[in-house]
Amino acid sequence: MTPVEALERVVHCLDRANDSGFKAKAFTRALEVVRGMSAAEVAERAAGNTLTQLEGIGDSSAKVIIQALCGDSTYLDDLDRKTRISMSPGGAVYRAALRGDCHMHSRWSDGGASVESMAHTALALGHEYIVLTDHSARLTIAHGLDRQRLLDQLGDVGLLNERLAPFRILTGMEVDILEDGSLDLDDDLLAELDVVVASVHSKLRMDSDPMTARMLAAVSSPHVDVLGHCTGRLIGKRPESTFDADVVFGACASFRTAVELNCRPERLDPPADLLNRAIELGCFFAINSDAHATGQLEWQPFGCDTASQHGVPLERIINTWSADELLAWTGRSNLASH
Ligand SMILES: [Zn+2]
Ligand SMILES: [Zn+2]
């Protein structure tokens with residue numbers, strides 16, 4: 001393992017432990033510094049014990065670099081053990097059935113990793129495909145993509161797919177559901193994308209009636225395939241949005257818009273009562289990491305545990321299907337409907 005690979009692995013492990021504190025920032029900074037150096041210079045400084053004289057390299061990152069050069073993985077093995085994601089036996093059955101992940105972000109919007117790194121990590125986790133769903137333009141705080149940037153991204157994804165085949169990066173977007181229920185992207189592009197996730201990110205405290213109408217409009221759109229983090233809650237920080245679950249999930253079931261089990265530890269949406277109702281109403285589901293970094297792609301077990309506790313029917317989880325089956329279901333291929 002090279003020093004860069006070792007530092008990448010450290011950052012990955014800290015991401016999956018949801019550590020965004022000083023340590024994670026320090027290792028991310030060290031990784032940037034080492035990426036900017038030649039292998040010879042790194043080796044020379046390691047041998048001369050002068051790595052820490054560099055701005056951005058501290059004792060811990062120097063240790064990781066030196067160990068990588070010596071073929072010693074003590075630090076990494078220890079960190080790997082401490083940050084491993086645990087899973088219930090029931091959750092493991094669901095995780096084993098997943099073949100992809102339909103919601104994640106890259107550096108194009110507010111993610112921390114390149115599309116390629118996300119794809120490589122997903123591949124290493126055993127996935128056959130990912131859906132790249134960066135934010136839409138209205139979410140300026142997350143550097144959302146406007147029409148032109150999305151077109152640029154589609155070009156890049158096309159080139160990456162040629163290199164990564166048979167692994168597939170499906171095109172998509174996490175489109176904002178605007179206040180009136182319309183979608184923050186032109187219809188022609190919505191129609192072109194493989195999988196569209198639609199989420200509410202603004203005016204989350206709207207009264208239940210207008211919120212219901214807003215969500216109903218979005219989930220009944222023929223372009224929308226997945227309803228992202230339906231209540232918008234941030235556990236301990238932001239309450240659930242209120243809406244008529246029978247109306248919204250009923251529409252999800254009839255228009256075949258999957259309800260997302262969002263696996264981010266601070267979201268874990270939908271809450272138990274809503275999830276039970278969505279199951280009763282016959283909805284499809286997607287167990288999505290909503291990862292903003294490679295390590296966060298390892299968060300699907302959280303949603304798998306929930307799915308197992310509530311008995312979500314496996315055959316109704318759209319990312320247990322192959323990419324072709326998924327595309328047939330979203331209507332983006334000529335294959336027969338699932
Ligand atoms: Zn979101
Ligand atoms: Zn997201």
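Analyst: Let's start with a term: a nonpolar core is a set of buried Ala, Val, Leu, Ile, Met, Phe, Trp, Tyr and Cys residues joined through C-beta atoms within 7 Å. Please keep in mind that the model is predicted.

User: Thanks! Which residues touch the most other members of the largest nonpolar core?

Analyst: Those are Ile130, Ala198, Val259, Phe285 and Ile287, in a core of 70 residues. Helix 11 (residues 245-255) supplies the largest share, with 5 residues. Apart from this core lies another, of 20 residues, including Leu7, Phe27, Ala68 and Leu79.

User: What makes a residue a contact of Phe285, and which ones are there beyond its neighbours within four places in sequence?

Analyst: The test is a C-beta to C-beta distance within 7 Å. Beyond the sequence neighbours, Ala258, Val259, Leu261, Val312, Arg316 and Ile317 are in contact with Phe285. One of them, Val259, is also the bridge partner of Phe285 in strand 7.

User: How do you know that strand 6 and strand 7 pair, and in which direction do they run?

Analyst: Pairing needs at least two bridges. Strand 6 (residues 258-262) and strand 7 are joined by 4 bridges and run parallel, so the requirement is met. Glu260 and Ala286 are bridge partners here too. Between these strands comes helix 12, and the three elements make a right-handed β-α-β unit.

User: What about strand 5 and strand 6: how many bridges join them?

Analyst: Strand 5 (residues 226-227) has 2 bridges to strand 6, again running parallel. As at least two are required, this counts as a pair. Val226 finds its bridge partner in Ala258 of strand 6. From strand 5 the chain passes through helix 11 to strand 6, in a right-handed β-α-β crossover.

User: Why are strand 1 and strand 7 said to stand at the edges?

Analyst: The open sheet has 7 strands in the order 1-2-3-4-5-6-7, with parallel pairing. Strand 1 (100-101) and strand 7 (285-288) each have a single partner strand, so one side of each has no neighbour in the sheet.

User: Why is strand 6 called largely enclosed?

Analyst: Buried means 20 or more other C-beta atoms within 10 Å. In strand 6, 5 of the 5 residues are buried, so the rest of the structure largely encloses this strand. Ala258, Glu260 and Asn262 point one way, while Val259 and Leu261 point the other way.

User: Why is helix 13 described as largely enclosed, and what covers its buried residues?

Analyst: Of its 11 residues, 9 are buried, so helix 13 is largely enclosed by the rest of the structure. The buried ones are Gln300, Pro301, Phe302, Gly303, Cys304, Asp305, Thr306, Ala307 and Ser308. Their cover includes helix 6, strand 1, strand 6, helix 12 and strand 7. Helix 13 (residues 300-310) lies across strand 1, strand 6 and strand 7, at about 140° to strand 7. Just after the helix, Gly311 takes a positive phi of about 65°.

User: How do you know that the buried residues of helix 6 line one face?

Analyst: The buried residues in helix 6 (residues 89-97) are Gly91, Tyr94 and Arg95. Seen down the helix axis, they fall within an arc of 100°, so they line one face. They pack against strand 7 and helix 13, while the face turned away from them carries the exposed Pro89 and Ala96.

User: What makes Asn49 and Leu268 unusual in phi, and is each buried or exposed?

Analyst: Asn49 has a positive phi of about 60° although it is not a glycine. Leu268, also no glycine, has a positive phi near 40°. Asn49 has 10 C-beta neighbours inside 10 Å; with the limit for exposed at 12 or fewer, Asn49 is exposed. Leu268 has 21, and the limit for buried is 20 or more, so Leu268 is buried. Asn49 sits in the loop between helix 3 (39-47) and helix 4 (59-70); Leu268 sits in the loop between strand 6 and helix 12.

User: What is the omega of each cis peptide bond, at Ala165 to Pro166 and at Asp269 and Pro270?

Analyst: From Ala165 to Pro166, omega is near 10°. Between Asp269 and Pro270, omega is about -5°. Pro166 belongs to the loop between helix 8 (147-164) and strand 3 (168-176), and Pro270 to the loop between strand 6 and helix 12 (272-280).

Methods
Residues numbered from 1 in each chain as written. Chains lettered and ligands numbered in written order. Predicted model: local features only at pLDDT ≥ 70, side-chain atom pairs only at ≥ 80, totals over all residues. Contact = placed C-beta atoms within 7 Å. Axes fitted to C-alpha atoms, helices over the stretch in contact; angles between N-to-C directions. Arc of directions from axis to C-beta. Right-handed = clockwise from strand over helix to strand, strands pointing away.
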